Amino acid sequence: AMKITRFMTDHGIRHEALRAIALTSYFHAQTNPRAVMQGRPLDVEKYEASRWIIEPFHRLFDCCMENDGAAAVLVVPADRARDLKQRPAYLLGAAQGGHHRSAAPVHNAPDYASAHFPTVARNLWAMAKLGPADVDVLQAYENFTGGVLLGMVEHGMVKAEEANEFLVPENLRFDTGKLPLNTSGGNLAECYMHGLEMVNEAVRQLRGTA
């Protein structure tokens, strides 16, 4: 919460940007019969009336849930995938790690208001030979809505100074959006399988079976 507050203050980002992420996740959950929050839509009034957990996060709407369940994904070489029943979804890049001194004691890190993705993002795009402009649907891990904001900025999906204009529900919804976000409801509204269910949703999107 402190990191997100610092980032939002530094860049003049309004709380409505976080609200748009939550509203979008709940909107998408209404089209997903497996979503925990299916049948429990969220609107601006309900969101704003919810109690604070810790600024800038409202109750469950900015925070992921805890769920019991399971998810799995099968990864095989590309030549093997061609022989399987399902249409393949190819993995073009993968990266892990942290940015410079991201392991420094958290409140003394040089880049305090960061999710420490800049190096990972650079390596990911280089491996995939793609860039943010090539992405037309995004599954962003959100234990909190603020992490989506930081992740999107640090992966180059949106500039911090343009976040207020871009992060609105109309731009993030599957039916109207410039960049549909967490189209199954994500960790906030589908379920919290530590993000693995979002990998499965990405595969469904690539296959056209979502």
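Leu 18, Ile 21 and Ala 22 of helix α2 meet Thr 145, Gly 146, Val 148 and Leu 149 of helix α6. By class, this contact comprises five nonpolar residues, two polar residues and no charged residues. The structure is a predicted model. The points below begin with this helix pair and continue with buried residues, backbone features, aromatic rings and the annotated domain.

**Helices α2 and α6**

- Two packed helices are described by the angle between their axes and the distance between the axes.
- Helix α2 covers residues 16–29 and helix α6 covers residues 145–154; they pack at an angle of about 105°, and their axes are 9 Å apart.
- The two helices, α2 and α6, are therefore roughly perpendicular to each other, since angles of 65 to 115 degrees count as such.
- Helix α6 is mostly covered, with nine of its 10 residues buried.
- The buried residues of α6 are Thr 145, Gly 146, Val 148, Leu 149, Leu 150, Gly 151, Met 152, Val 153 and Glu 154.
- These buried residues of α6 pack against several elements, namely α1 (2–11), α2, β2, α5, α7 (163–166) and α9.
- Gly 156, which follows α6, has a positive phi near 80°.

**Ser 25, in helix α2**

- Ser 25 is a residue of helix α2, and its relative accessibility of 1% makes it count as buried.
- Setting aside residues up to four places away in sequence, Ser 25 touches Glu 142, Asn 182, Gly 185, Leu 188 and Ala 189.

**Asn 182 and Gln 139**

- Asn 182 lies in the loop between α8 (169–172) and α9 (186–189).
- Although Asn 182 is a residue other than glycine, its phi is positive, near 45°.
- Asn 182 is buried, its relative accessible area being 0%.
- Gln 139 is located in the loop between α5 and α6 and is buried, with a relative accessible area of 19%; the cut-off for buried is under 20%.
- Apart from neighbours within four places in sequence, Gln 139 is in contact with Asn 182, Thr 183, Met 198, Glu 201, Ala 202 and Gln 205.
- Gln 139 and Thr 183 are separated by 44 residues in sequence, while their C-alpha atoms are 7.3 Å apart in space.
- Asn 182 is thus a contact of Ser 25 and also a contact of Gln 139.

**Cys 63**

- Cys 63 occupies a place in the loop between β2 and α4 (78–81), and at 9% relative accessibility it counts as buried.
- Not counting residues up to four places away in sequence, Cys 63 touches Ile 53, Phe 57, His 58, Asn 143, Phe 144 and Leu 188.
- Leu 188 appears among the contacts of Cys 63 and among those of Ser 25.
- Cys 63 and Ala 109 are 46 residues apart in sequence, and their C-alpha atoms are 24 Å apart in space.

**Further backbone features**

- Glu 55 and Pro 56 are joined by a cis peptide bond, with omega about 10°.
- Pro 56 belongs to the loop between β1 (52–54) and β2 (57–58).
- Lys 129 is not a glycine, yet its phi is positive, about 55°.
- Lys 129 is found in the loop between α5 (118–128) and α6.
- Lys 129 is exposed, with a relative accessible area of 72%, whereas Asn 182 is buried.

**Aromatic rings**

- A pair of aromatic rings is described by the distance of the centres and the angle of the planes.
- The count of aromatic pairs comes to five.
- Tyr 141 and Tyr 192 form an edge-to-face aromatic pair, at 6.2 Å centre to centre and 70° between the planes.
- This pair links distant parts of the chain, 51 residues apart: Tyr 141 is in the loop between α5 and α6, and Tyr 192 is in the loop between α9 and α10 (196–207).
- Tyr 141 is partly exposed, at a relative accessible area of 38%, while Tyr 192 is buried, at 8%.
- One aromatic cluster is formed by Tyr 26, Tyr 47 and Phe 61.

**Annotated domain**

- An unreviewed UniProt entry places the feature "domain: Thiolase C-terminal" at residues 103–210.
- The span of residues 103–210 is 42% helix and 0% strand, and its end C-alpha atoms lie 37 Å apart.

Key
Residues numbered from 1 in each chain as written. Predicted model: local features only at pLDDT ≥ 70, side-chain atom pairs only at ≥ 80, totals over all residues. Heavy atoms only, no water. Axes fitted to C-alpha atoms, helices over the stretch in contact; angles between N-to-C directions. Helix = DSSP H or I, 4+ residues; strand = E, 2+ residues; numbered from the N terminus. Parallel < 35°, antiparallel > 145°, perpendicular 65-115°, else oblique. Contact = heavy atoms within 4.5 Å. Nonpolar A, V, L, I, M, F, W, Y, C, P; charged D, E, K, R; others polar. UniProt positions renumbered as here; feature names shortened; annotations may be inferred. Buried < 20%, exposed > 50% of the residue type's maximum accessible area, 1.4 Å probe, protein only. Phe/Tyr/Trp six-rings, centres within 6.5 Å; stacked < 30°, edge-to-face > 60°.
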